[in-house]
Structures are given as structure tokens and as C-alpha cells.
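Reader: I have a structure to read and do not know how to go about it. Can we take the features in turn?

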Amino acid sequence: MSNYDFLNIEKKWQEYWKQNNTFRSSVDKNKKKYYVLEMFPYPSGRIHMGHVRNYTIGDVVTRYKMQAGFNVLHPMGFDAFGQPAENAAIKHETDPKAWTEKCIGWMVKELKAMGFSYDWDRELSTHRVGYYHWNQWLFIKMFEKGLAYKKASSVNWCPSCETTLANEEVISGGCWRCHTEVTQKDLEQWYLKITEFEDVLLDELETLKDWPQRVISMQKNWIGKSYGVEIYFKEAKTQKNIPVFTTRQDTIFGATYIVLAPEHPFLKEIIKGKPEEKSVLEFIDRVAKKSKVVRVCADVKKEGVFTGCYVINPVNKEKIPVWSADYVLMEYGTGAIMAVPAHDQRDFLFAREHSLPIRIVIQKPVTSNQKPVEMSEAYEDNGKQVHSGKFDGLDNEDAKIKIAQWMEEEKIGKKKVYFRLRDWLISRQRYWGTPIPIIYCDKCGTVPVKEDKLPVKLPENIKITGEGGSPLSKVDDFVRTECPKCGAPAKRETDTMATFIDSSWYFLRFCSPADDKKIFDPEVVNYWMRVDQYIGGIEHAVLHLLYSRFFTKFIHSLGLIDFKEPFQRLLTQGMVLKEGEVMSKSKGNVVDPDEMIKKYGADSLRICILFAAPPEAEFDWNDRGMDGAWRFLNRVWTSATSLIELKAACKCVENTPSEKDLEFKTHAAIKKVTDEMNGGFKFNTAISAMMELTNAIVAALRESQESKTLSKALIDAVEVLIALLAPITPHMCEELWQLSGKKNSIVKAAWPAYEAKKLVQDEITIVIQINSKVRSKVTVPTDISNDELKKIVLEDEKTKEWLKDKQIKKFIIVPKKLANLVLQ
């Protein structure tokens with residue numbers, strides 16, 4: 001047989017799958033369905049090793065499920081809108097659409113070179129009108145239900161470029177393009193009212209039994225449901241009420257100051273005319289330039305300023321100062337906190353920095369009468385109430401309940417539930433995104449575009465500079481229109497939608513991608529959904545998954561689908577590193593998949609990346625792994641083609657006793673690989689099992705070549721190995737399947753089934769070594785004693801030949817594996 005010519009083999013089978021529509025999917029209610037989906041990529045133009053790992057995992061699951069008899073949907077598309085394409089177009093002085101289409105072409109070619117089992121008839125890209133038409137339709141449905149609304153909010157603004165900037169475009173406080181100092185600017189922007197669904201988004205996390213617990217926890221924390229008390233502090237002079245939300249009402253007697261967020265609406269009002277006004281306003285401007293991520297980061301020093309104002313603590317009538325600090329955000333609670341430095345570490349550090357008083361109100365169980373000056377850090381655990389009036393002596397957990405009840409009775413506070421989740425800002429002052437389908441009329445106000453007038457298309461071939469605000473606002477033919485209600489001259493909205501909109505429902509459109517009359521065919525979507533296996537990076541654990549869940553619940557509320565959660569099972573794959581670092585061009589540590597495919601073949605790359613580590617774990621790329629993968633596949637190729645030659649030259653015999661061990665190893669491999677395919681996708685251990693089976697096959701082949709006979713166990717073992725390996729290295733296995741005389745694609749072959757009785761060993765094969773070299777084998781009962789084994793080994797005819805005129809120095813037994821005779 002010929003050598004393993006991977007380049008021609010891979011090209012041959014990729015063309016075969018294309019010509020035979022091997023992976024085209026359609027509704028078949030006589031089969032159990034299975035929907036496999038990897039998070040679709042942004043079309044950057046080149047796939048990287050992270051893509052290879054993600055998509056190989058999905059491909060293996062798809063091919064296994066097809067062999068297991070499922071009707072499988074496995075689509076691919078592109079998350080094509082967004083800032084990177086617009087910036088690339090500016091840099092290269094080209095059109096974003098042309099740039100994006102070019103990048104998609106490159107990526108499709110590379111994905112096909114990996115042999116991935118996509119139904120390419122379903123390919124979609126979010127920048128195409130046939131897709132974003134339905135973004136606009138969904139927006140209008142939300143607008144009609146009061147879930148899409150506009151309000152003023154703060155954005156990063158470059159005064160020189162006259163444009164908004166994303167957080168990552170603000171570098172050292174300046175614009176990434178012109179380095180002008182970035183300021184904050186209030187703009188009227190569009191929001192989606194995700195908070196309307198906050199309870200169900202939280203509660204229905206409990207139904208997601210097949211999601212990683214880490215992701216569930218991250219979503220719970222992001223939604224952030226908190227039970228506590230809203231306490232009413234009154235400004236000392238004006239008696240203006242400043243509500244403060246806390247989950248630690250047990251510490252209210254230890255509050256020594258309150259802190260307002262710099263954005264708090266009362267702040268500018270209460271400082272007016274005070275000596276501190278100027279310093280506070282300067283502080284507000286300074287904080288406005290900071291990222292909110294930095295502001296709340298635990299290891300960054302906190303800034304603050306005294307406002308010159310005081311409030312009255314309602315529980316003890318104490319007059320305490322009002323500060324403003326950068327670590328308090330408007331996004332949570334009321335935008336104001338009570339500061340209890342003895343029992344909150346951030347407050348403790350801030351109080352020490354600004355010489356503010358500290359009062360202990362919860363005593364550690366092991367100490368008594370501790371003084372604040374003795375504290376090196378805040379005490380945040382449980383204990384007994386002290387300095388807390390009539391609540392002294394209570395366990396603080398009991399005090400929480402009683403203090404909350406007392407506050408309500410005294411009307412100085414109210415039990416409340418707060419969510420950290422805030423409504424979703426979707427406006428972008430960019431060109432490359434879905435136009436928001438809203439029209440502004442002087443007479444009728446804000447009016448949605450009529451559904452029969454959708455889609456509102458992006459104007460093409462316009463000049464984009466990245467400066468001067470929204471590019472669409474400069475296109476008169478786009479802006480000028482008529483009011484849908486009264487027909488008067490009107491103007492279009494010139495903001496576009498955030499790209500998270502595009503990825504929040506694409507999994508539904510994949511089920512019914514060609515429908516131009518409606519968003520999708522509900523019957524078809526209800527057949528395929530939910531996604532049975534979703535695969536993507538942990539970096540999408542919060543926003544993308546949360547928004548997808550929100551959209552699914554909204555679409556369910558429209559009566560279009562009969563499910564409320566989009567993804568049944570979730571796998572978050574680990575990153576592929578190089579020398580401990582994320583691969584990037586700037587670091588010069590990128591490994592090009594194309595180069596690996598040219599040198600070793602796609603199948604070698606696939607098995608290498610799966611064998612390196614369990615899918616959830618990070619791993620460090622090493623080229624030696626490709627050498628090992630290449631050697632293993634060549635071993636499989638040689639074994640399978642040698643068997644084909646033997647079948648033509650040798651007579652087939654019934655299984656001999658020595659072949660029962662091979663039969664056992666074959667069925668053990670089937671069980672192991674099947675368990676991993678159905679379980680946690682530990683492909684590395686599944687591949688190990690196939691390597692062990694390969695070793696057993698190689699040994700059996702050697703015996704067959706010597707004896708000129710061929711056992712059924714060996715023929716079965718090779719056929720099973722090819723079938724088990726097919727989802728992982730499909731090109732080579734298709735070729736071997738065909739060479740062995742099979743007519744159909746291996747994708748159509750049934751997945752091997754193990755027999756439980758074949759996994760029970762009455763006998764095992766013991767290898768006999770002389771001076772650590774294999775000289776013979778014997779089949780013995782599994783429960784044989786060492787003495788009985790020694791006797792059988794010494795009576796073996798081949799062993800006797802090697803022992804003639806020799807003395808045995810040592811007789812070493814490795815239970816159930818081998819006997820090694822060391823001669824003098």
C-alpha cells in the first residue's frame with residue numbers, strides 16, 4: 001500500500017463531502033435531532049489556534065452524533081458588524097463591506113481546509129441585509145412593548161475627532177487615534193429594558209443543569225440580586241432625603257460617613273455655594289475620565305473629596321459627613337452608600353487615608369473590647385452586636401432581621417431588593433452596524449419605521465474617517481425621510497445597534513436562514529431548538545450568554561417559540577497559549593494553522609489539539625505535539641493498510657485463545673471512547689484508549705504476519721479503530737474505510753457498540769520477556785497465582801529454547817501483564 005499521502009487524501013474527501021452534501025441538514029421527525037453550535041467568529045481574515053480548538057471540538061461532537069444515528073444540525077456564520085471592521089476600513093482606506101467580505105472568504109477557505117462538517121448552505125453573516133432586517137424587526141417589537149427606550153447617558157468623547165470611544169479605545173486617558181484627552185459627554189441613547197426580565201433570568205438559571213457552575217455563578221453575580229434595606233439619611237440643613245441601600249443593616253450604628261457616587265444627581269445640588277464646590281466639581285470631572293472597571297478594582301487606590309455637607313444617621317441621630325468617592329457607582333443601589341469602616345475593607349482603607357472615624361459594632365467571637373486603633377483591616381465576618389443600642393448582644397445575623405423590621409416600624413427605612421443588572425445600552429455612533437429603525441418627526445415625535453418598509457439599509461460607499469460623530473448623520477439621502485404617521489419631512493436615527501444584538505438570536509436564524517418573509521419558521525425552529533451543545537470561550541460567560549437568554553425569553557413572549565432557554569448544554573473551552581502567553585502578532589508568538597496543515601495535515605492538527613489537554617483547560621502549544629500526532633496517524637495508516645494486504649494473502653481463522661485479549665481491548669476501547677463522547681468530552685483520554693488499541697493491533701499484526709493467518713478479532717479491531725477515530729481524523733479514516741471495501745462514507749456507518757460480556761476476562765495474555773526482550777506469550781486464567789504462572793512460563797516451548805544452558809538470576813512478575821526472566 002502507498003504511504004499516508006495526507007495532502008491528496010484530505011483534498012479528495014473535502015471535495016467528496018461537498019459534492020455529496022454529506023452535512024446538509026433538514027427536518028426529519030423520524031430521527032432524534034441534535035444541534036451542535038460553536039460561537040460564530042468575527043471575520044478577522046485568518047483563523048487562529050483558538051478557532052481550531054473550538055471548532056474541532058464541535059466537529060468531533062457532530063460527527064460522533066451522526067455516526068450514532070442522530071439528525072444533526074451544525075451551521076457556521078460570521079459575526080461581521082462592529083468597530084474592528086470600521087477601524088480596518090479607515091486604516092486601509094477601503095469600504096467596510098468589501099473588507100468584511102474579503103475576510104469571510106479567507107476564513108471560509110481555512111475552515112474548509114480543516115474538514116469541518118458545516119452545513120454551508122446555512123451560512124449567514126450579520127452584515128447582510130437578509131439578517132439585520134430582522135434585528136430591526138425585533139427592535140420595533142421591543143419598542144412597541146416599551147422595552148426599547150431612549151435616555152441621556154454618559155459616553156467617552158474625543159473633542160478633536162468629535163466621536164464616541166469604547167472603553168478599550170481610551171489609552172492612558174487619551175484617544176487612541178489622536179491622543180487628545182478624553183472627556184465624558186451626555187448623549188441621548190437607546191436602551192433595551194433587560195431589567196424587565198431580571199427575575200426570570202436569575203430564577204431560570206436553576207434549569208441549566210448542564211452548564212458549568214462557574215458560568216452560572218458569573219451570571220448570578222452579574223444580575224446581582226441583593227436583599228437589604230433602603231435607609232433614609234436626611235441632609236442636615238435642607239432635610240433633603242438621601243436614600244442609601246445596604247445589605248448590612250446590622251452595621252448601621254457603625255456608619256461614620258456616607259459616600260455619593262460622583263454621578264449622583266444630588267451631588268451638584270447639595271454643594272452649590274459651599275467653599276468645597278470647586279474642589280468637588282474638579283473631582284467629578286477627573287473621575288469622569290476613569291474607566292468604571294478601574295474605579296472598582298480592589299488593588300487601585302481610591303480617591304475622594306469632602307462635600308462640606310452632613311447628614312443625620314436616623315438610628316442614633318448622629319451628624320456624619322458626606323463624601324464623594326470614585327469607588328461608588330450609580331449602577332448599583334441608589335448610588336450612595338453608608339460607610340462602615342470597621343466592617344468593610346474599602347471603607348476601612350478610605351477612612352484611614354482621610355482620617356475618618358472608625359466604630360466597631362460587631363465584635364469578633366474571640367475578642368472583646370477591641371479598639372479601632374488596633375485594627376489592621378476591617379472585620380467583615382459574623383459576631384455579636386456592640387454599640388448598637390437595644391440590639392447589643394444579638395448575633396449579627398439575627399440583628400439584620402430585627403433592625404430591618406424596626407426601621408420599617410419607625411419609618412426610617414424600608415426592606416428592598418436591588419439588582420445589579422442595568423438596562424442594556426445598544427446605541428453606537430458608528431457606521432458599521434444595524435441602523436436603528438426610528439424616525440423623528442417634529443409633529444409626531446419618535447416613530448418606528450413601518451414593518452413593510454423594513455429593512456432600513458445601510459448606505460454604501462460612503463466616506464468613513466472616524467471623526468465628526470456618526471458617519472450616517474452626514475449622509476443626507478439617508479437622514480432625510482418622511483414621517484410614517486403624517487407624511488411630513490422627518491429625520492432618521494443615525495445611531496447603529498451594538499453588535500451584541502447580532503449574536504443574541506443568530507442560533508434561531510440558523511434553523512431557518514433563507515426565510516425572507518419572516519424572522520424564521522417557528523415550526524422548524526421548534527424542531528431544532530434548543531441548541532443541544534454550545535461551545536465557546538469563558539470570556540463570553542456573562543454578556544453574550546445573558547443577552548441570548550434575554551432575547552430568547554422575549555421572542556418566547558411573542559409566541560413564536562415554545563422554549564425559554566436557548567442552550568441545553570454549554571462547554572467553555574480553554575485558551576491555547578504559547579510559552580505561557582496569549583498568542584498575538586505583537587508578541588511574535590502566533591502559530592499559523594495553515595503552516596501546520598501544509599506540513600502535517602489537518603487530521604494531525606485536529607488530533608494534536610484534542611490530545612493536548614481536556615477541552616476546558618488551557619494548554620501551552622508545543623510543535624512536538626504535532627510530531628507525535630503525525631507518528632501516531634502513520635502507525636494507524638500502516639496497521640490498517642497492512643491488514644488489507646494480509647486479508648488478500650492469508651486465510652482467516654477463528655479466534656484463538658491469545659486473540660481474546662485483543663477482543664477485550666477492542667470492546668474496552670469502544671466503551672471508553674463512547675463514554676467520553678457522551679460525557680465530559682475528555683477527548684485526550686479517548687485518544688489514549690485508541691492508542692492502546694493501536695498498540696494491541698500492531699502486536700497482533702506482527703503475529704499474523706509470522707503465522708500467515710488472520711483472526712476475526714484482528715479484523716474487527718482495525719475496523720473498530722477506524723470508526724472510533726473517524727470523528728477526530730475524518731479524512732484518513734474515510735480513506736481507510738474505502739480501502740477496506742466499504743461503499744458509503746464512514747459518516748453513514750453505525751457507531752461501534754461494545755458487548756458487556758466481552759469486557760469480562762476469564763483469561764489474560766501474559767508477555768514473556770527474556771532480559772527485557774519479548775520472546776513469547778502465554779494465555780492464563782485471570783486469577784492465576786504467581787507460583788502457577790512461573791510453572792506455565794517455564795513450560796512454554798519458546799521460553800525453554802531461550803533458557804537452554806542458562807541460569808535464571810531473577811524472575812520478575814508484573815501482575816496481569818508480563819513475566820521478565822533475567823539471565824546470568
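Reader: Into which classes do the residues of the lining of the second largest pocket divide?

Author: The model is predicted, so local features need pLDDT of at least 70 and side-chain atom pairs count only at pLDDT 80 or more, while totals for chains, interfaces and linings use all residues. Residues are numbered from 1 along each chain as its sequence is written, and side-chain values use heavy atoms, with hydrogens and water left out. For the classes, Ala, Val, Leu, Ile, Met, Phe, Trp, Tyr, Cys and Pro count as nonpolar, Asp, Glu, Lys and Arg as charged, and the others, Gly among them, as polar. The lining of the second largest pocket has 16 nonpolar, 12 polar and 13 charged residues.

Reader: What is a pocket, as opposed to a cavity?

Author: Rolling a probe the size of a water molecule over the atoms shows where empty space is left. On a 1 Å grid over the protein atoms alone, a cavity is a set of points where a 1.4 Å probe fits but cannot get out; a pocket is an open set with protein on both sides within 12 Å along at least five of seven lines. Lining residues have an atom within 4 Å of a point. Points are joined across faces, edges and corners, and a volume is the space filled by probe spheres set on the points. The second largest pocket has a volume of about 1300 Å³. Of its 41 lining residues, Asp661, Ala699, Thr765, Val767 and Lys777 lie nearest the centre.

Reader: Which element supplies the largest share of that lining?

Author: Elements are DSSP runs numbered from the N terminus: helices are H or I with at least four residues, strands E with at least two. H21 gives the largest share of the lining of the second largest pocket, 13 residues. Among the elements that each supply at least two residues are helix H20 (660-678) and strand S33 (763-770).

Reader: How many cavities of 30 Å³ or more are there?

Author: The count is four. The largest cavity has a volume of about 100 Å³, and its lining includes Ala640, Ile715 and Trp737. Helices H19 (624-649), H22 (712-725) and H23 (730-739) each supply at least two residues of that lining, which has eight nonpolar, one polar and three charged residues.

Reader: How are two packed helices described?

Author: By the angle between their axes and the distance between the axes. Axes are lines fitted to C-alpha atoms, for helices over the stretch in contact, and angles run from 0 to 180 degrees between N-to-C directions. Here the axes of H17 (residues 593-600) and H18 (residues 602-611) come within 7 Å and cross at roughly 115°. Contact means heavy atoms within 4.5 Å; Pro593, Met596, Ile597 and Tyr600 of H17 meet Ala602, Ser604 and Leu605 of H18. Six of these residues are nonpolar, one is polar and none is charged.

Reader: Is Thr22 buried or exposed?

Author: Buried means under 20% relative accessible area, exposed over 50%, and partly exposed in between (1.4 Å probe, protein chains only). Thr22 has a relative accessible area of 6%, so Thr22 is buried. Thr22 lies in the loop between helix H1 (6-19) and strand S1 (33-38). Not counting residues up to four places away in sequence, Thr22 touches Tyr16, Trp17, Met66, Val747 and Lys748.

Reader: And what of Val129?

Author: Val129, in helix H5 (residues 129-144), is partly exposed because its relative accessible area is 29%.
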